[in-house]
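Me: I'm new to this one, so could you walk me through it with a few questions and answers? Let's have it up in front of us before we start.

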Amino acid sequence: MIGAAADGFKSEVVSNLSATIYLDPRIYSREAILKACYWFTNVAYIQIPESPDGRIAIQIRLRQTVPTLEEPQLERIEEFIGEFCNSLLDFELRRQVETETASLKQLILAKAFSESGVLEDEPPGTIADPVENRKPTSLVQIMKTFTSPKE
Amino acid sequence: MARVFYPVESYSASEAGYRLLPFRFLRLESNKELLVNQVGEFVVAPFGTAQALIRKQLTRGSDIYATFKAKQFIADDSSSPLLDLLATKYRTKYGFIEGFTKLHIFVVTLRCDHSCHYCQVSRQTADKSTYDMSYETAGKSVELMMKSPARHVTLEFQGGEPLLAFDVIRYIVPLAKRRAEALGKDLDIVVTTNLANATDDMLFYLRDENIKISTSLDGPAFIHNANRPRPGNNSYELTIKNIERARKILGYSKVAALMTTTQLSLQHPTEIIDEYVRLDFHSIFLRPLSPYGFAVKTKKKTGYQLDNFLNFYRTGLAHILQLNRAGYNLAEVYAKILLTKILTPDGTGFVDLQSPAGAGINVLVYNYDGDVYATDESRMLAEMGDHTFRLGNVWTHSHKDIFTGDPFLNLVSASCNQSLTGCSDCALQPYCGADPIYNHTTQGDIFGHRPTSNFCKRNMTIIKYLFDLISKQDSELMRIFFAWIQNSSLSEVSKAGPS
């Protein structure tokens, strides 16, 4: 049975407890898929077998098969697919942020913990500002402590 | 000296696009998203904002654009030298790492007159020699403690009931003070005691040596006495009487109380809180029960589902806020720690919720027999036969041995939530922590599995709940939060709001 289809995404509900999701790897990265899968491992068994047609197939089988006192409501497979889909989009967006900012992040960390001071940038403009210079809490003063050579 | 400015066109915005700075996001209830940058500054925005931001669809000149730019989620060609500023903020947030181990817990005896269900380590024995720390071991422990590079160290006496080994305390205090003074370190001393055996002489000694007291109060008599059995079943009555006596001798501010939550406590959050108010305490820590030692063995008596604890916490916090609104200053300590991380540039040195984890890095435990553990929970595990987090022994291991040994290095490999699966993408990462010892105890490995972790669920739920409260735009509520953060009264906090 075909569940839902969208650009790069198709789901097939196999039973009340299982489904397969097909993803286009040109749209969804492996990293985002694996990260999304990880967060659903508490409620489902997830397998990603080799797929012959180039798509990524995610086989899902819900863990809970009968209602219990603690969990009287069984998860619905359609809901699971919907949540999974949202989560996948979030992780794809997160991957984009990560890709765009990874080197920046490293630089910030290096600067934050560098004791040498060699990584500090000189602030643009001039610090020949007598008004700012007089304020002990001014940005000029703060920057000075990080830009002056190590004593 | 002349003032030199860039030409005016340097300050006008160009039409070029913007670039992203590191941040994370997650969905909140009620169609909102929480976006948090690398240094913990946040924006709560309508659903879809993160997507628009990442896809570079924000319009220059819009309020949301200005907000993201000001809070350093994005940068454009008119941004100030933001990398240094971000680095400085990052360094401030992680300032608690500086100096390394600051809290040093000395287990001077395992003997205790109580037999609490949740206690992992106490022994009811009169045999002094077996479970008391010897003077020689105490001396070696002080020596090791003072090797810590921290300029300000705290020495905490624990047990068992440490006042049962008061001679050991009296041996350690002058020794530690002399060593600290010689090394130019500041030294705080705390004793964690049930006060049942505290004589006036002991209390005068603590006063004269400027030692603080942390005692246990689990709530009103029917909860406290049920949780903390002792001969005569009078722990509550003794505690109340002794808190008053200790306050008279040491001074009001030198006596603090901590509660432990059990199955019984879960039904009575307001009664417990009202008991703290009745005794004129101005802070209470709604702590979950730790999954260690006898606490695991007696699960039927003390065990409970996490959801029950979270309900208890929410009900308790609501009651506490109500009390504050009515004019009584009472801070909930866990919320205060989280709010400090959320609403200020600072981190906190709270060892149970930080990254890198506090174990070893910010706290060391010196057991009565000279064994050194990464945390109090580690030595409780050891009492159950699991010595994974025994880092060494004061007689056989140097400071260097301990911090370069396999047990410590294994521990730190799972100590940073920045690099743990599930945590690395989490928007709450700057406010949360890592707890490899909890993971090891509850899930069998130090890295843990976030989707099934109670540590993760508990902290995510509480942090999200605090964000719900923050985003209500209730100015009185924010004044209460800032009063907690600043350790001041509500009337002293004139105005406040999220940064």
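Reply: A quick definition before we start: the bounds of a domain come from an automatic or database domain assignment. Also keep in mind that this is a predicted model.

Me: Okay, so how far apart are the centres of domain 1 and domain 2 of chain B?
Reply: Chain B is split into domain 1, covering 19-93, and domain 2, covering 100-403. Taken over C-alpha atoms, the centres of domain 1 of chain B and domain 2 of chain B are separated by 40 Å.

Me: Which helix gives the largest share of the side of domain 1 of chain B that touches domain 2 of chain B?
Reply: Five residues of domain 1 of chain B are in contact with five residues of domain 2 of chain B. On the domain 1 side, those residues divide into one nonpolar, two polar and two charged. The largest share of that side, three residues, comes from helix H3 (residues 82-93) of chain B.

Me: What radius of gyration does chain B have?
Reply: Chain B holds 21 helices and 15 strands. For its 499 residues the globule rule gives 23 Å, and the value for chain B is close to that, so the chain is as compact as a globular protein of that length. The radius of gyration itself is 24 Å.

Me: And what box do the C-alpha atoms of chain B fill?
Reply: In chain B, 45% of the 499 residues count as buried. Of the contacts in chain B with a separation of 6 or more, 67% are between residues 24 or more positions apart. Along the principal axes, the C-alpha atoms of chain B fill a box of roughly 80 × 55 × 50 Å.

Me: Is Ile169(B) buried or exposed?
Reply: Ile169(B) sits in helix H6 (residues 166-183) of chain B. Leaving out residues up to four places away in sequence, Ile169(B) touches Val108(B), Phe157(B), Pro162(B) and Val191(B). The cut-off for burial is 20 or more other C-beta atoms within 10 Å. Ile169(B) has 25 C-beta neighbours inside 10 Å, so it counts as buried.

Me: Where on helix H11 of chain B do its buried residues lie?
Reply: In helix H11 (residues 269-278) of chain B, the buried residues are Pro269(B), Ile272(B), Ile273(B), Glu275(B) and Tyr276(B). What covers them includes helix H8 (221-227), helix H10 (263-266), strand S11 (283-284) and helix H14 (306-325) of chain B. Looking down the axis of H11(B), the buried residues fall within an arc of 150 degrees, so they line one face of the helix.

Me: Which residue with a positive phi follows H11(B)?
Reply: The phi in question is near 65 degrees. The residue is Asp280(B).

Me: Over which residues of chain B is the pLDDT below 50?
Reply: Chain B averages a pLDDT of 89, and 91% of the residues score at least 70. The stretch you're after has 10 contacts in the model beyond near neighbours in sequence. Where pLDDT is low, the predicted coordinates should not be read in detail. In chain B, the stretch is residues 298-303.

Me: Last one: what pattern does chain A follow along the sequence?
Reply: Chain A comes to four helices and five strands, and 17% of its 151 residues count as buried. Read along the sequence, chain A's pattern is β-β-β-α-β-β-α-α-α.

Terms used
Residues are numbered from 1 along each chain as its sequence is written. Chains are lettered from A and ligands numbered from 1 in the order in which they are written. This is a predicted model: local features need pLDDT of at least 70, side-chain atom pairs count only at pLDDT 80 or more; totals for chains, interfaces and linings use all residues. Helices (H or I, at least four residues) and strands (E, at least two) are DSSP runs, numbered from the N terminus. A residue is buried if 20 or more other C-beta atoms lie within 10 Å of its own, exposed if 12 or fewer, and partly exposed in between; C-beta atoms are placed from the backbone. pLDDT is the predictor's confidence in each residue, from 0 to 100. Two residues are in contact if their C-beta atoms, placed from the backbone, lie within 7 Å. Ala, Val, Leu, Ile, Met, Phe, Trp, Tyr, Cys and Pro count as nonpolar, Asp, Glu, Lys and Arg as charged, and the others, Gly among them, as polar. The radius of gyration is taken over C-alpha atoms; the globule rule is 2.2 Å times the number of residues to the power 0.38. The arc is that of the directions from the helix axis to the C-beta atoms.
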